[in-house]
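Q: I would like to learn how to read features such as cores, cavities and polar contacts from a model. Can we work through one structure together?

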Amino acid sequence: MTAPSRPRPGSTVPRRPASHRAGVAALLAVVLAALSACVGIPTSGPVGVGVEGVSDQGVVEPLGDPPPQDGAPEDIVRGFLGASAAGFSRASASADATDDFRNAREYLSGETRRSWSPRDRVVVYATASSPDIELVGESQVQVDVRVAARVDADGRYAQAGPDAKESLTFDLVQDSEGQWRISGLEDGVVLSEPNFEAIYRSATLYFLSQDEQFLVPETRWFPVRNLATSIVRAIIAGPSGWLRDAARSAVPEGAVLQPDAVSVDADGVATVSLGAGGLPTEPEERARMQAQLEASLRIARVRTVEVSAGGVAMDTEAAELERGQDWGGALEALQDGTLVQMSAGELEPVEGVAPLAGLDARDPARDGSGDLRVMLSGPDRLVTVPTAAAASVGLLQAPALVAPSVDRLGWVWTASPSASGQLLAVDDRGTVVDVAAEWLQDRAVRSVRVARDATRVAVVSSGSDGVRVDVASVVRDDSGTPQVLGEASRTGVTLTDATRVVWVDESTLGVLGRSGSTTTAVYHLVPLAGEVQTRPALADAVDIAGGKGDSALYLATAEGELFARAGSSWASVGTDVRDPSFAG
């Protein structure tokens, strides 16, 4: 199987013994059967899910049939795929949670029936394709599928590249009655995109920033049924490896659910019961834990969260921690050599900023308060923006600097080809820190943007393997000074080119680039764990701005025209404009 955390596009799954491989192929068949049964599954809109004990009448779920009498090997594999998809449905639930896939296990033989682990991973295949199921030997079936995405056992979603495929092999044997059964398969299930969207939901887990002032999100995907339980288990386990060095959970290490479930009643009260020792000893840490759980469990019908350990209620008010990407403030840009901002649909000069004449001003950036404003002066100098009270001050000089980004702790981020394998961070006194990133070796940084939580940074870079978009954690010392970047978590794998990245919201990037058959740069919405979406194309687009959600997107053209998103198209809102940006 692929590594749970970062499956690569087009990769194949390391195979278990023949007995293991057959299962995955069978899963594909499940998807095929389920797809035909679920053509009308809704894929958007509010869904009442993740609430244990609450019936949801609006979701259509795949159903699994028992093995057909005297079925050929291909029929058995096809039926198994459908039955394994049905194992996630509420209709299949029993008092024994391990028996959710009991119908699917009827297609398996001997020890395989007991050892198959359906929740180890999910392979999602594209709606536009269908699995190719073929008998390749007297007792072996091969299933070829075009992969759209993969989800590991911990809910980590990885969109697959445009040409990603997998070949899954199922070995079969005949039982004492001459009926074919699967004896070799891989763990996991295969689902069509409609079935995946009906069975799974994305959930935002929240962890604590290093300074304990911010809630840092991480998106995971879990089955709809028992969603609240999956979320709490994931919070107890802690953030993924790429985020772990810069964020943490307030839940004490070693805490366990007792019983192993989170109940949610009809009033939307989620009850989290932990074993003895599952609560922090310090009141401040308990308040942070309460805030973390409440934010993470803001799913359908969950209104409040009650936490106890060893029968003792935590009874703590949640700490007031910041979250989200929106800094507030208006869009700003350069117009005719003046720093302007959008106000009531019009562009007007930013109050308190002095004339920029003679500075060759480019790419202005600021923090949320506007107290720290910087820009590029020509291609090689990072300077402060002059004000009525203070002249521009040089902070950094290096060749071909990329557009700067300012974090909430007062550090300005940029990069230069002369500083390979690292980003550059500088404070308002001109103190420069080389922030090393092993994964940036031999790559040229094109764009960099730090999230408002100051814990994650998005980077567009190019190298021998092409252009890629990555998000990494920012590890800092106790003073908040950046030290190093954590491992890269790649996203936007369907992009074939990219030049600019911004944060649209706390879990979504905006990327200017090309994908699929597009021949011009397009504004893409790139979830950190989800499917890339494109916005309408606009000729000669060269820059983008975002930070207030999908409804507030801006795009600038090479001719200096500024466009704002207007429904399904773009509306012109200014001319002679360049380098638009929000705070951050």
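A: We can begin with one polar contact. The model is predicted, and in it the side chain of Gln174 reaches the backbone oxygen of Gly178 at 3.2 Å.

Q: Where is Gln174 found, and what does Gln174 touch beyond its sequence neighbours?

A: Strand E5, residues 165-174, contains Gln174. Not counting residues up to four places away in sequence, Gln174 touches Gln179 and Trp180. The C-alpha atom of Gln174 is separated by 8.8 Å from that of Ser139, 35 residues apart along the chain.

Q: Is Gln174 buried, exposed or partly exposed?

A: Buried means under 20% relative accessible area and exposed means over 50%. Gln174 has a relative accessible area of 48%, so Gln174 is partly exposed.

Q: How does Ser473 read by the same steps?

A: Ser473 is found in strand E28, residues 466-476. Its relative accessibility is 0%, so Ser473 counts as buried. The side chain of Ser473 reaches the backbone oxygen of Trp242 at 2.9 Å. Leaving out residues up to four places away in sequence, Ser473 touches Trp242, Leu243, Ala246, Thr455, Arg456, Val484, Leu485 and Gly486.

Q: Which residues touch the most other members of the largest nonpolar core?

A: A nonpolar core joins buried nonpolar residues through side-chain atoms within 4.5 Å. The largest one here has 54 residues, and Ile231, Val272, Met289, Leu297, Val307 and Leu509 touch the most other members. Helix H6, residues 227-237, gives the most to this core, with six residues. Apart from it lies another core, of 41 residues, which includes Ala104, Val143, Leu185 and Phe196.

Q: What is Leu509 in contact with, leaving aside neighbours within four places in sequence?

A: The contacts of Leu509 are Ala458, Val469, Val471, Thr491, Val501, Val502, Trp503, Val504, His524, Leu525, Val526 and Leu528.

Q: Why is H6 described as largely enclosed by the rest of the structure?

A: An α-helix has 3.6 residues a turn, so residues three or four places apart point the same way. As for H6, eight of its 11 residues are buried, so the helix is largely enclosed by the rest of the structure. The buried residues are Leu227, Ala228, Thr229, Ser230, Ile231, Val232, Ala234 and Ile235.

Q: What covers the buried residues of H6, and which residue follows the helix?

A: The cover includes strands E8 (200-209), E9 (215-223), E11 (263-264) and E12 (269-274), together with helix H8 (283-296). Gly238 follows H6, and its phi is positive, near 100 degrees.

Q: How many cavities of 30 Å³ or more does the structure hold, and how should the largest cavity be read?

A: A cavity is read by its volume and by its lining. There are four cavities of 30 Å³ or more, and the volume of the largest is about 160 Å³. Its lining has 19 residues, with Ala403, Pro404, Arg449, Arg500 and Ser581 nearest the centre. Strands E18 (361-366), E26 (444-450), E31 (495-505), E35 (541-545) and E39 (577-581) each supply at least two lining residues. E26 gives the most, with four. By class, the lining divides into 11 nonpolar, two polar and six charged residues.

Q: What lines the second largest cavity?

A: This cavity holds about 80 Å³ of space. It is lined by 13 residues, of which Gln325, Trp327, Gly547, Phe582 and Ala583 lie nearest its centre. The lining has five nonpolar, five polar and three charged residues.

Notes
Residues are numbered from 1 along each chain as its sequence is written. This is a predicted model: local features need pLDDT of at least 70, side-chain atom pairs count only at pLDDT 80 or more; totals for chains, interfaces and linings use all residues. Side-chain values use heavy atoms; hydrogens and water are left out. Buried means under 20% relative accessible area, exposed over 50%, partly exposed in between (1.4 Å probe, protein chains only). Contact means heavy atoms within 4.5 Å. A polar contact is a pair of N or O atoms within 3.5 Å; within protein, one must be able to donate a hydrogen and the other to accept it, and residues adjacent in sequence count only if both atoms are side-chain atoms. On a 1 Å grid over the protein atoms alone, a cavity is a set of points where a 1.4 Å probe fits but cannot get out, and a pocket is an open set with protein on both sides within 12 Å along at least five of seven lines; lining residues have an atom within 4 Å of a point. Grid points are joined across faces, edges and corners, and a volume is the space filled by probe spheres set on the points. Ala, Val, Leu, Ile, Met, Phe, Trp, Tyr, Cys and Pro count as nonpolar, Asp, Glu, Lys and Arg as charged, and the others, Gly among them, as polar.
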